[in-house]
Every structure is written in structure tokens, then in C-alpha cells.
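I opened the notebook to look up pockets, cavities and surface patches. My entries follow.

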Amino acid sequence: MFRSVARSAAGKHLLRRGYATESVPDRKVAVLGAAGGIGQPLALLMKLNPLVSQLALYDIANTPGVAADVSHVNTRSKVAGYVGEDQLKQALEGCDVVIIPAGVPRKPGMTRDDLFNINAGIVKGLCAAIAKYCPNALVNMISNPVNSTVPIAAEVFKKAGTYDEKKLFGVTTLDVVRAKTFYAGKAKVNVADVNVPVVGGHAGITILPLFSQATPKANLPEEDIKALTKRTQDGGTEVVEAKAGKGSATLSMAYAGAIFADACLKGLNGVPDVVECSFVQSTVTELPFFASKVRLGKNGVEEVMGLGPLSDYEQAGLESLKPELKASIEKGIKFANQN
Ligand SMILES: NC(=O)c1ccc[n+]([C@@H]2O[C@H](COP(=O)([O-])OP(=O)(O)OC[C@H]3O[C@@H](n4cnc5c(N)ncnc54)[C@H](O)[C@@H]3O)[C@@H](O)[C@H]2O)c1
Ligand SMILES: O=C(O)C[C@H](O)C(=O)O
């Protein structure tokens, strides 16, 4: 629903930020897992986004406090906290974007797949509610293992008759954030100018940064490219080990999640040329889901973009990641259809 905000205080704020011309649509965003390590900073960052008019913060505990806290930030959106399954309906109704960081994080020595037995059930339950209460929302899946939780979500939506492949996104933006940071440090270029696509999935060797396509060009030696690739693939583990049992990436993930949600909102609002990497249903490879650049628009995915030219090293990485990614996708599909 459009309403002119240009003349209101909010509109003046938006105009100053270059977001609004005449009017911006009302947009409701929900964060499911909003009281968590990612959820709380993500809630704050979404509160700061002037494209958001309503912010629903949902969790199974502690959300009233988080919502009260975030609601005092002097920006456009109206914040409401919801706690427990019987409030999911209110949290989800009318949502344009639903961000899901609900679920447990890794501890040292664990793989993301080790989270499957707990998080698969959480994701399945939340997606059933999304299908019921906001079937047309864009879903931003953060919960691990993303390589399996996105296929689970797809199967849940298919069973409900609401699946739209253009509206389901695995959030792999943190891999892109890491690739940019690591590349800029090695290449000694301004990190704000760096672009690096990261394709495949979101676990270990399924994470494939395409440094041959990085800009600004730096002509790094092969050993640097290999080291940057491995560091990007191990970025999550680097944080898990540094946190020594206190969890995994939360602050950088909240930042990455807010970037991707903002891209979804801009796409919905018709902003042109919004392109981000995301794990989506895809025909880029023979696998049913794959992360690559996608162009976002008024109905979610407008175009799933190809991989572009790959170096021999990247081509080899692509082939070596496929068996693991295929197995993770199939594990999610099997779970969704067995339980
Ligand atoms: N995609 C990525 O790049 C990426 C990056 C970092 C973390 N993660 C994943 O994000 C997830 C959350 O990580 P975290 O550090 O915020 O964990 P956390 O334990 O700090 O927070 C998780 C939150 O989920 C809530 N929750 C549990 N069950 C729920 C349910 N049924 N409905 C709603 N909320 C529920 C918990 O109450 C908690 O507040 C983990 O699975 C982690 O692996 C993904
Ligand atoms: O590594 C993790 O378990 C969390 C997340 O997937 C990350 O990449 O930081």
C-alpha cells in the first residue's frame, strides 16, 4: 500500500537519505529468532532501514524486551514483539519479507550439518506458519545448514500449495562480505570498491568465491587466490573457533542479513539493477538449488544469473563441491517429506 510520506517527518528523513522521491510503500518485515545472537542486532539494523514501516520481532522467548528496546529508536518503523507459537499469526500476517535466523549455532568441532537434527524441525515449523499466514512474503533463510534448510522450506511450501521459487532465498551474503574483506586486505585496495561473486552453497567447499571476477583487478598470484578461497570457505569456522563455544558469527551475520533484506525491499519497491548472490532454486547447474548472482525485482527473483567465465581453479572447485551440495539438498528434501 502506497502512502505519501514525502511531506511527513519520516518522508523528510527518507528524502535526506536519498530513499524517497514522492512516496515509499509500507513494508512489513518479520525476524523469526529475533531474540538471538543474530536476531537482536539484525532487528536493530532493520529498525534503521527507512524502507521498513512495520517490524515484527518473533521468538519463543525474550522478544518483548528486545522489541521494547528497539522500538525506542527514532526511525520510521513501528515495532511489535511476539512470543510463542500462538502469536506467530500476528507476527507474520501482512509480511513482505520474513528473515529466519531461528535455530542453534555451531560449537567448535561441529559442522553446519551437525545442526540439522535440531534446526530442520524449527525451520519446518516456521515455514508451515509462513505458508499459512504470509504465503506471498519473500523468505530470507539464515538458519543452518542453509544447503538443507532452503530445500526443506521449498518442500513445506510445495505441500501447502504456496511455493514460489522466486521468493525463497538462502542468505549467503556473509560469504560475499568475507570474500570482499579478505580480498581487499590481500590486494591492498579500498574494500568499499570491491565486488566478488560467491557461488555454490553455504558450507565448506560448497562456498566458491570467484576471485577471477573480483574488481578492482589485482592479478594476485595463484597461491594468494587459493589462500583467499580457503579463508572464505573457512570463515564461519574461524569465528566459531574464536568464540570458543559461545556460538558463531552474529554481528557480521546481522550486517549481511540486513544488506540482503534491504536488497529484497529495494527490489519489491521497483529499484532497478538490484543484484545480490543468493542460494535459490536454479538451473545454473544440474543441481536444483545453487547460489549465484540474482537480480531482484517486484516479485522476488527477476533473473538467476549465470556464473560467468571461471578460472581452471574455479572450474575444478565447482565440480568438487557438487557431490556435497547435492547430498545436503537431498537430505533436506527427504526430511521434509518423511516428517
Ligand atoms: N547463513 C549464514 O551465513 C549464517 C551465519 C551465522 C549463523 N547462521 C545460523 O543462524 C542460526 C542462529 O544463530 P544465532 O547465533 O543467532 O543463534 P542463537 O542461539 O543466538 O539464536 C537463535 C534464536 O532462535 C530462537 N529460536 C529457537 N527455536 C525457535 C523457533 N521455533 N521459533 C523462533 N525462534 C526460535 C532462539 O530462542 C534464539 O533466540 C544458527 O543456525 C546459525 O548456524 C547462519
Ligand atoms: O559457521 C557457522 O556455523 C555460522 C555461519 O554459517 C557462518 O558462515 O558464519
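**Entry 1: helix α5 and a surface patch**

I started with Ile118, which lies in helix α5. I kept in mind that this is a predicted model. I then looked up the nonpolar surface patch that Ile118 helps to make. Its partners there are Val104 and Ile122, and the patch covers about 220 Å².

**Entry 2: the largest pocket**

How many residues does α5 give to the lining of the largest pocket? I found 7, and α5 gives the most. I noted a volume of about 850 Å³ for the largest pocket. Its lining counts 45 residues. Closest to the pocket centre I listed Pro101, Ala102, Gly103, Val104 and Ser143. Val104 thus turned up twice in my notes, in the nonpolar patch and among the residues closest to the pocket centre.

Which elements give two or more residues to this lining? I wrote down strand β4 (54-59) and the helices α5 (116-133), α7 (173-187) and α9 (235-243). I also sorted the lining by class: 23 residues are nonpolar, 15 polar and 7 charged.

**Entry 3: the cavity**

I next searched for cavities of 30 Å³ or more and found 1 in the structure. The largest cavity holds about 70 Å³ of space. I listed its lining as Ile130, Ala131, Cys134, Pro135, Ala137, Val139, Phe157, Thr162, Asp164, Lys167 and Leu168. How does this lining divide by class? I got 8 nonpolar, 1 polar and 2 charged residues. Ile130 and Ala131, both in this lining, fall within the range of α5 (116-133).

Definitions and conventions: Residues numbered from 1 in each chain as written. Chains lettered and ligands numbered in written order. Predicted model: local features only at pLDDT ≥ 70, side-chain atom pairs only at ≥ 80, totals over all residues. Heavy atoms only, no water. 1 Å grid on protein atoms, 1.4 Å probe; cavity = no way out; pocket = protein on both sides within 12 Å on 5 of 7 lines; lining within 4 Å. Points joined across faces, edges and corners; volume = space filled by probe spheres on them. Helix = DSSP H or I, 4+ residues; strand = E, 2+ residues; numbered from the N terminus. Nonpolar A, V, L, I, M, F, W, Y, C, P; charged D, E, K, R; others polar. Patch = residues over 30% accessible without salt bridge, like charges linked within 9 Å, V, L, I, M, F, W, Y side chains within 5 Å. Areas by Shrake-Rupley, 256 points an atom, 1.4 Å probe, with all protein chains shown as cover. Salt bridge = Lys/Arg side-chain N within 4 Å of Asp/Glu carboxyl O.
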